[in-house]
Amino acid sequence: MDIDPGADRSVPPVPPVPPVLIGNSSDVGWKYGKYCDPNNKSKVKCDFCGHISTGGIYRFKKHIVGVDNVVASCKKATPEAKEACKKALEKTVVTKGLKRQHDQDLRDDVHISSSVGEEVCVGSSTSEPNKVGPMDKFVRPIDGKSSKEEALRQLSMNEALFKERVHQASQYVARWVYTHAIPFNALDNDEFKQMCEAIGKFGPGYEPPSQFDLREKLLTEEYARTKSLLDDREAQKIKLGCTIMTDAWTDIKRRSIMNVCMHCSGGTSFLKSKETSDVSHTGEVIFELVDKAIEEVGAQHVMQVCTDNASNNMAAKKLLLEKRPKIFWTSCATHTINLMLQGIGNIKRFKSIVDQAQKVTIFIYAHHKTLAYMRKCTKRRDIVRPGVTRFASNFLTLQSLAEKRDALRGMVVDRAWEEMPIVKTKKGKDATATLMDANFWKGVTLCLKVFEPLVSLLRLVDGDVKPSLAWLYGEMLKAKTKIKEAFGNNEKNYRETIAIIDKKLKGRLDSPLHKTAYLLNPHYTYANKDIFDDSSMTVALMKCAEQYFGEDEISAKKMINEEWLLYENMEGPFKKKLATSWERADYNPGNACPRFGPCFAPVWPQIAPV
């Protein structure tokens with residue numbers, strides 16, 4: 001077929017996607033309403049009665065609930081919708097109240113000595129009001145003898161001038177932020193709010209500190225203040241013990257640095273940092289660094305050391321156990337789970353799916369036209385979601401692809417996509433074929449089912465919500481069960497995946513300490529008494545007791561023969577209502593259990609984040 005050389009070969013314009021009529025937030029109100037005009041975000045139309053609220057989603061929820069006389073109530077809203085919106089409104093009120101109280105507490109914590117006879121204005125912090133400025137010469141105080149109309153007029157004038165003063169001050173703050181590229185979220189920092197309050201209380205004429213002051217005197221004073229804030233953690237360290245953690249990394253100048261931190265129930269504290277560029281990271285070097293940290297903290301307070309699974313760390317482990325046999329050495333759970341995800345991701349059936357997904361995303365993001373069209377089809381949502389590790393990023397990207405499956409499949413069959421010149425290349429055709437392949441989407445679904453339990457466990461151990469060691473082994477068992485179910489409990493299908501998990505688990509996350517923490521967590525044992533009959537758990541408990549108590553055989557025997565039986569049989573303090581309610585997953589066994597038995601008390605602090 002001949003092609004007319006004068007024909008227009010330009011790509012037809014991308015058809016506009018209908019505007020989104022639902023807000024981007026996860027507010028419960030969007031389940032029952034939508035924008036009636038995408039250009040006016042204040043108007044929300046009710047799905048029940050068609051009423052249009054003009055005050056945004058917050059006022060719309062009041063319309064659903066129907067408790068405010070100012071807002072017209074919905075006569076057709078369901079009881080479920082009313083209850084959901086009522087809870088959301090109550091939560092908003094509580095949240096705003098807490099924020100106001102928090103901001104007021106921050107203001108009250110600012111103390112600036114003032115000179116005698118300063119003129120101050122009403123309306124600032126209760127402790128020390130702000131000094132007035134030049135604008136106040138235009139405002140006179142409200143006379144109590146004036147008429148109501150005059151008082152209201154003067155009050156309105158005061159409010160207008162106050163708003164203008166705030167706006168003018170904010171302009172200078174904004175100019176500083178824009179000029180020096182300060183992140184916008186820095187303005188939500190409590191220290192920034194206190195800084196503004198302190199400057200306001202000082203009044204006109206404040207001179208900022210010099211660079212020398214920031215480097216010397218002020219830095220020394222702030223260091224002392226910060227150190228005093230760690231007194232509570234020092235008390236927790238003495239009471240329940242602590243963990244020494246190491247982390248080796250390389251900075252942008254290619255310098256090798258080793259950080260040493262201390263973790264206790266009060267949180268994590270930085271101890272020291274050492275440059276190790278000029279030495280090999282042998283087991284002896286790591287052992288000396290950790291041993292010095294233990295001496296500084298106090299060997300009697302250190303319960304365990306946590307590092308990654310590198311061979312040099314394992315060599316340091318042997319040296320430490322020879323010198324300090326009572327201290328446990330634990331492998332980093334985050335590093336171990338990442339190794340599991342890496343191993344599973346290298347299995348052929350999963351690697352092919354991940355590689356296909358990467359090729360699709362690389363093709364789309366490599367060309368501005370395909371990227372723009374994809375964002376229009378997915379309502380401006382990206383398909384690439386970076387994670388803390390490469391393996392977590394792969395999971396998040398697959399999850400994002402699955403969520404946008406229909407939009408992506410619709411995109412590649414659209415005429416505008418097919419007529420893009422770049423799509424007609426081999427890479428473009430491959431990307432189109434992948435998104436239309438039913439087997440690819442089945443593979444994505446299987447990958448998510450297999451990866452999700454381990455990613456959830458990774459979030460647990462990598463977060464600061466609650467101590468994770470008490471939950472690690474139990475949640476790992478649950479993760480393995482979910483993975484087997486993803487394969488339809490067919491051993492032939494899941495054998496290779498489970499073998500990789502068991503290989504990385506062995507000697508790292510199934511140590512006597514991990515099993516003992518699992519055994520001492522009532523969330524598992526009180527829900528399944530068969531755990532007490534598992535001989536491997538009993539052996540793990542005895543090994544932990546022998547290592548911790550050492551030559552103190554009396555305490556070890558008392559824990560095993562007396563207090564352990566009370567715990568297992570739910571007798572004594574363990575039969576209390578509080579103890580039997582530990583089946584919930586929102587408690588901290590490391591804080592609760594030491595109250596039940598003097599010999600258990602030093603063992604339970606081992607249940608700490610790793």
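This passage describes strand pairing, the surroundings of one asparagine, and the contacts of aromatic rings in a predicted model.

Strand β4, which covers residues 242-250, takes part in two pairings that differ in sense. With strand β7 (residues 302-307), β4 pairs in the parallel sense over 4 bridges, and within this pairing Ile244 has Val305 of β7 as its bridge partner. With strand β5 (residues 256-264), in contrast, β4 pairs in the antiparallel sense over 8 bridges, and here Trp249 stands opposite Ile257 of β5. The hairpin formed by β4 and β5 has 5 residues between the strands, and in this hairpin Arg254 adopts a positive phi near 65°.

Asn313 belongs to helix α9, which spans residues 311-323. The relative accessibility of Asn313 is 7%, and because a residue is counted as buried when this value is under 20%, Asn313 falls in the buried class. Its side chain makes a polar contact of 2.4 Å with the side chain of Asp308. When residues up to four places away in sequence are left aside, Asn313 touches Ile286, Thr307, Asp308 and Trp329.

Turning to the aromatic rings, a search of the whole structure finds 16 aromatic pairs. One of these is formed by Phe350 and Phe451, whose ring centres are 5.9 Å apart and whose planes are at 45° to each other, an arrangement classed as tilted. This pair links distant parts of the chain, since Phe350 lies in helix α11 (residues 348-366) and Phe451 in helix α17 (residues 438-462), with their positions 101 residues apart in sequence. Phe350 is buried, with a relative accessible area of 1%, and Phe451 is likewise buried, with a relative accessible area of 5%.

The rings of Phe532 and Tyr567 also have their centres 5.9 Å apart, but their planes meet at 75°, and the pair is therefore edge-to-face, a class that requires an angle over 60 degrees. This pair, too, links distant parts of the chain: Phe532 lies in the loop between α21 (522-525) and α22 (535-549), whereas Tyr567 lies in helix α23 (residues 553-568), and the two are 35 residues apart. Both Phe532 and Tyr567 are buried. Elsewhere, ring pairs join Trp471, Tyr473, Tyr518 and Tyr524 into a cluster.

Aromatic faces are also approached by arginine side chains. Arg349 lies over the face of Phe350, at 5.9 Å from the ring centre, while Arg175 lies over the face of Tyr172, at 5.1 Å from the ring centre.

Technical notes:
Residues are numbered from 1 along each chain as its sequence is written. This is a predicted model: local features need pLDDT of at least 70, side-chain atom pairs count only at pLDDT 80 or more; totals for chains, interfaces and linings use all residues. Side-chain values use heavy atoms; hydrogens and water are left out. Buried means under 20% relative accessible area, exposed over 50%, partly exposed in between (1.4 Å probe, protein chains only). A polar contact is a pair of N or O atoms within 3.5 Å; within protein, one must be able to donate a hydrogen and the other to accept it, and residues adjacent in sequence count only if both atoms are side-chain atoms. Contact means heavy atoms within 4.5 Å. Two strands pair if DSSP finds at least two bridges between them. Rings of Phe, Tyr and Trp (its six-membered ring) pair if their centres lie within 6.5 Å; planes under 30 degrees apart count as stacked, over 60 as edge-to-face and the rest as tilted. A charge sits over a ring if NZ of Lys or CZ of Arg is within 6 Å of the ring centre and within 35 degrees of the ring normal.
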